[in-house]
Amino acid sequence: MSLDTATAPIKRSNARQWGPFNIETRETPPQSWLFTLSMLSVLATLILTGVIFALYGQNPITAYVTLAQGTLGDLSSLGVVLQRAIPLMLIGVGLVVAFRAQFFNIGAEGQLLAGAVGASAVALFFPNFGFLEIPVMFIVAFICGAVWGFIPAILKLKLEINEVISTLMMNYIAISIVEWLVNGPWKGKNQVGYSYTDTFPDAAWIPKISSSTVHYPTLIVALALVALVAFVIARTRLGFRMRILGENPVAAKYVGINTLSTTLAVVMLSAGAAGIAGAGEVGAIHHKLLDPAQISLGYGYTAIIVAWLARGNPISVIFTAIFLGVVFAAGDVMKVSLQMPAQTTNVINGLLLFFLISTEPLVKLKISLARGT
Amino acid sequence: MMQAMTQDTKPSITPLVSLEGITKIFPGVVANDDVSLEIRGGEVHALLGENGAGKTSLMNVLYGIYQPDGGAIRVAGNVVKIRSPQDAMRLGIGLVAQHPMLVRQHTVAENIALAVKTSFWNPTRHLEAKILALGEKYGLKVEPKAKVWQLSAGEQQRVEILKALIRGAKVLILDEPTSVLTPQEATDLFKVLNRMKLEGEGVIIITHKLDEVMAVSSRITVLRKGRVVGAMKTSSTNKNDLATLMVGREVPQVRSSGVTKLGEGVLKLEQVNVAGDRGVNVVKNLSLEIRGGEVLGVAGVAGNGQRELVEAITGLRGVSSGSVKIGGTDLTNKNAKTITDAGVAHIPEDRLHMGVVGSLSVAENLALRGFERTPFANGELLDFKAMENFALSSIKTYEVSTPGIHTRTRLLSGGNIQKLIFARELAENPKLIIASHPTYGLDAGATAQVQNVLLERARAGAGVMLVSEDLEEVLALSDRIAVMFAGEIMGVVPRDIATVEELGLMMAGQRQKQVNA
């Protein structure tokens, strides 16, 4: 508030002024503004990470150049980026759907592990599907992930148990189950001293592009899922139900939309996608079920950032997943070229999520340059 | 205009607040065009105008929600910039919004604590007594410990008024204040306003109800299409002149349906009990029947079970016992979709939060009921062409004023949202129309249109249940009037022999006397 005693009436007393900017609120932010906010978050993260580089005695500019060369400079490093982007894309697109339907699925990590267990079971105990071996692994992984998502979903719908808590708790259950399996009943006979299952038979090895680690069947499934989700949201009855439910649950009830089946469909799709990511990791990278921390590297959590950066748009997930894939790959480069701990990537991820959430209050603001009065 | 107003001004009095040449432009719409008005201490200033005339946006400018694109605001003679509602409150300007903005999960006292400075620990400690005292003083009774979600719309509004009063508002803006109040509550509100007047405070009342303007205001400013089209003392004008100024045309006369031969029974309730949000039955052993071609008015003071009754019929709330038959089929405790498919249209009380999805387009909202079926759906796929065609014809038939069919519905004015809901709900020729407060908050033109549509549908053979607190409207449209009190029907009176006095007694809880057959 300012008590301006000047007598001349203000000709263009525009929006709330803040420095050189006018600020107004609006209900429906345009896509370009959402994109700008996301980019600002990325920029702020890069600047602060630069400070961390400086504290490690690295020139931030040269450090970024090194990172860019190490992650994007040649085909083999691009392959690493893509390898990281595959699970992020699968999980990220699932989370976009879940978040849009107001289901805050924090349990993708556990759903990924459930999928990994399912795929491993197929590979280890049913190795005779021939060329169908890998499709069957994907399908079973999808089902296992979906079941892992179904439990917190039904708990929310029937008993109003907060899904943020229950999905998170389900992660720890999944971790413990995997640990028990690799140390107990599924421990490989040939893996003396290691907590691994036996190595998968050849038929269960998901193929990769020549010498890289890019397991293209999973990538194709991920891209197909992105396309499918975009199509479902925009063009189908299920997508329309989902949008009504996500944006006005009262209206959804008024129209008579079956909240239970719609939410279950959405959550199981989301969790199933994470399950497929789990199949990709064990089937293409490790070829066995092993310590849960090695299977996932926190993809289930990082994908939350992927989904948030995409701001509800499934197609954007392709790009945000690759971006976070770069961040992941940068971790290896930091270790090797910059002699910094790879965990720095966790700091980057944390900062990015922090800034993304911090910009949420800005989403409904319209900021423009003040015109001269 | 300014000249006309300054003539009335006593030179010694500085207005509490004056708006000078306020202009507010939204994309494609000039909401306010060079609007000036003054609010002096000790007056109730009525702001009149149709929906979309710019009343609410003008008040949002004064309250700091919108920033004007031109013009100035003075408080006590000084030019001020009001950047936020906090600024407005500090300047002694309080707003009671048309739709309450309260934290529904919190209690009344907690909501009020959010608005005032209280102690960090146990913020509601001293507040409850204060709320009760203020409530007593102004006749705004409300239980401080009640959760807001349990309150009726009228009670929630009382909380909003209390909030502004507790903050010590010098100028109180009331946006459509009586639209959710019963006649008695409205009278009480006018007492509050008179008291504020006597204490030298200023009140701005936004309303469509000309009777109220004449009864309670000292001066009137009339807006049309964002401009001031008239400003005068209340004593120097009359209702007809105001109506003409406001709509710029004659207000269409509403007639009754005039249906003499009634059709089949479309709704039959037998011994229906419905539990409210607090778990106790708020509709008790209620039986009634509506036949095709008749309008049954359900009158009563807000919070006597009307909302729960409507929700039970339309499938939004369970019936604890009794039966709901629609067109002869027992549809007790079926979901909203089944009931819609059985030919029931529901015009909801809360049109903004229930009737539409604000972030979806006009076309999508028009398809909200029908998107699961042909022509809007082709198998699992949506047919956008069909949706667009339907939207185009709907906005034409129902005169929905919108920049386009892809405009987000949230951007439409209340009247146009209601027209959209009517277009959608009546598209399938329903045999039963449940209309809850269908004209609440609408301007004269939209009100007449909505009422005419209901009568037309009755003439075409539909049964209409009109739930309204506006006794005048109920009397104007209904063939029979049922009065609800404490969840029961006190009596059903044919319109021809109904008197306001008798209905009033029934609304107060007296059972109907012997009806002459």
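Guide: Two strands pair if DSSP finds at least two bridges between them. Strands (E, at least two residues) and helices (H or I, at least four) are DSSP runs, numbered from the N terminus. The model is predicted, with local features requiring pLDDT of at least 70 and side-chain atom pairs pLDDT 80 or more, while totals for chains, interfaces and linings use all residues. Residues are numbered from 1 along each chain as its sequence is written, and chains are lettered from A and ligands numbered from 1 in the order written.

Visitor: Which are the edge strands of the open sheet S12-S11-S14-S15 of chain B?

Guide: This sheet has four strands, and its pairing is antiparallel. An edge strand here pairs on one side only, which is the case for S12 (281-291) and S15 (329-330) of chain B.

Visitor: Which residue of S12(B) stands opposite Leu267(B)?

Guide: Strand S11 (residues 265-275) of chain B is joined to S12(B) by seven bridges, and the two run antiparallel. Opposite Leu267(B) in S12(B) stands Ile290(B).

Visitor: In what order do the strands of the six-stranded open sheet of chain B run?

Guide: The pairing in this sheet is mixed. Its edge strands, each paired on one side only, are S16 and S22 (488-494) of chain B. Neighbouring strands are turned by 15° against each other on average, direction ignored. The order in chain B is S16-S19-S20-S13-S21-S22.

Visitor: Which residue of S19(B) is the bridge partner of Ala345(B)?

Guide: S16(B) and S19 (residues 432-436) of chain B run parallel and share four bridges. Further along this pair, Ile347(B) stands opposite Ala435(B). For Ala345(B), the bridge partner in S19(B) is Ile433(B).

Visitor: Are the residues on the two faces of S16(B) buried or exposed?

Guide: In a regular strand the side chains alternate between the two faces of the sheet. In S16 (residues 344-347) of chain B, Val344(B) and His346(B) lie on one side, with Ala345(B) and Ile347(B) on the other. A residue is buried if 20 or more other C-beta atoms, placed from the backbone, lie within 10 Å of its own, exposed if 12 or fewer, and partly exposed in between. Both faces of S16(B) are covered, and the four residues are all buried.

Visitor: What angle does the direction of helix H16(B) make with that of S20(B)?

Guide: Helix H16 (residues 444-459) of chain B packs on the six-stranded sheet, touching S13 (295-299), S19 and S20 (463-467) of chain B. Contact requires C-beta atoms, placed from the backbone, within 7 Å. Axes are lines fitted to C-alpha atoms, for helices over the stretch in contact, and angles between N-to-C directions run from 0 to 180 degrees. For H16(B) and S20(B) the angle is about 150°.

Terms used:
Two residues are in contact if their C-beta atoms, placed from the backbone, lie within 7 Å.
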